[in-house]
Amino acid sequence: MLSANLGLVKTSKSFKFICKRNVSQAEASDVRKLRAMVVGLGNHTLPDTRHSVGMLVVDYLAKHLGATWHFNRRSMGHLAVTIVDNQQLILLKPTVLMNINGRSIARTAAMYNVNPSNIILVHDDLDRPVGKYSLKHGGSAGGHNGVRSAIASLSSDTLKRIRVGIGRPDKRHHVTDYVLSKFKPSEIPVMQDTAEQCCKVLMDELQLFRTEDNGTKETENSEQTTAQFEVKQQSAA
C-alpha cells in the first residue's frame, strides 16, 4: 500500500500534466464545436450582381440576427460576429477575388478556431433557375472557382454549401457578362424570398453542427416553394 502510494507520488507531476493536457484538448474540441462560420461568396465591388448573391443572403442573415459588419484586415474581409444559442457565429464576406477567396476563409477560420466542417458557403449557381436553391453537405467544388479555392485553402471538402440559382444565359459566351449583371426588376422579389428561405435553412443547419455527422448529401428546395416563387415572379413582371 505504501509502495503504491510512493509510486503515485513519483509520477504525480507527469500524471497531472497528462490529465491537464487531455482536458485542455477536450475543452478546445468542445469550443470548436460551438463555433460556426457562414461565408457569402461574391464580388464585393459589385454587391448587387448575380455573382454576389451569396453576399446578399449573408447580409439578410446578419440583419436577421442584428449583427454589425466591420472590415478586418487580417481576415481580408468584412466580419460580423454574434452569439446564437450559446454558439459563436462568424459571418464573413471576403474582399479578395473569387478564385482566391479561400485565403480569406482559411485565415478567418484560423483566427476563430473553426472546424472546416462547421463552415457553410453561400454562392451563386448557374445550373439552377432564379428562385431555386440547394443545400449540399461536402463534396467537390462542382466547377465553382470560389468553392474550389475554399476547399484548397482549408485542405478539406467537408464544408457545406447553399447554392443559390441565378439562371443561365442563352449563349455560353455571354456567361461572364451575365453573372456580373444585376437581377431584372421582376426577379428581385423572387430573390428576396429566396434569401429569406436560405436564412431559415442556415439557422436550421447551425443547430445541427454539434451533433450531425456531416456526410455528403444534397437537399433541394421543394417544388411547391419554387412554384410560389414563380407565381410571384410572373405577377411582378
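**Exercise 1.** Which elements do the buried residues of α2 pack against?

*Solution.* A quick note before the steps: this is a predicted model, where local features need pLDDT of at least 70, side-chain atom pairs count only at pLDDT 80 or more, and totals for chains, interfaces and linings use all residues. Residues are numbered from 1 along each chain as its sequence is written, and side-chain values use heavy atoms, with hydrogens and water left out.

Step 1: find the helix. α2 covers residues 53-65; helices here are DSSP runs (H or I, at least four residues) and strands are E runs of at least two, numbered from the N terminus.

Step 2: pick out its buried residues (under 20% relative accessible area, 1.4 Å probe, protein chains only). They are Val 53, Gly 54, Met 55, Val 57, Val 58, Leu 61 and Ala 62.

Step 3: look for their partners, with contact meaning heavy atoms within 4.5 Å. You'll land on β1 (35-40), β4 (87-94), β5 (119-125), β7 (160-165) and α6 (188-208).

**Exercise 2.** Check the span of helix α2 against its 13 residues.

*Solution.* Step 1: the expected span is 1.5 Å times one less than the number of residues, so α2 should span 18 Å.

Step 2: the end C-alpha atoms sit 19 Å apart, which agrees.

Step 3: carry on past the end, and just after α2 you meet Gly 66 with a positive phi of about 70 degrees.

**Exercise 3.** Is Val 147 buried or exposed?

*Solution.* Step 1: place Val 147 in helix α4 (residues 145-154).

Step 2: its relative accessibility is 0%, so Val 147 counts as buried.

Step 3: leaving aside neighbours within four places in sequence, Val 147 is in contact with Leu 41, Leu 121, His 123, Ala 141 and Arg 161.

Technical notes. Buried means under 20% relative accessible area, exposed over 50%, partly exposed in between (1.4 Å probe, protein chains only).
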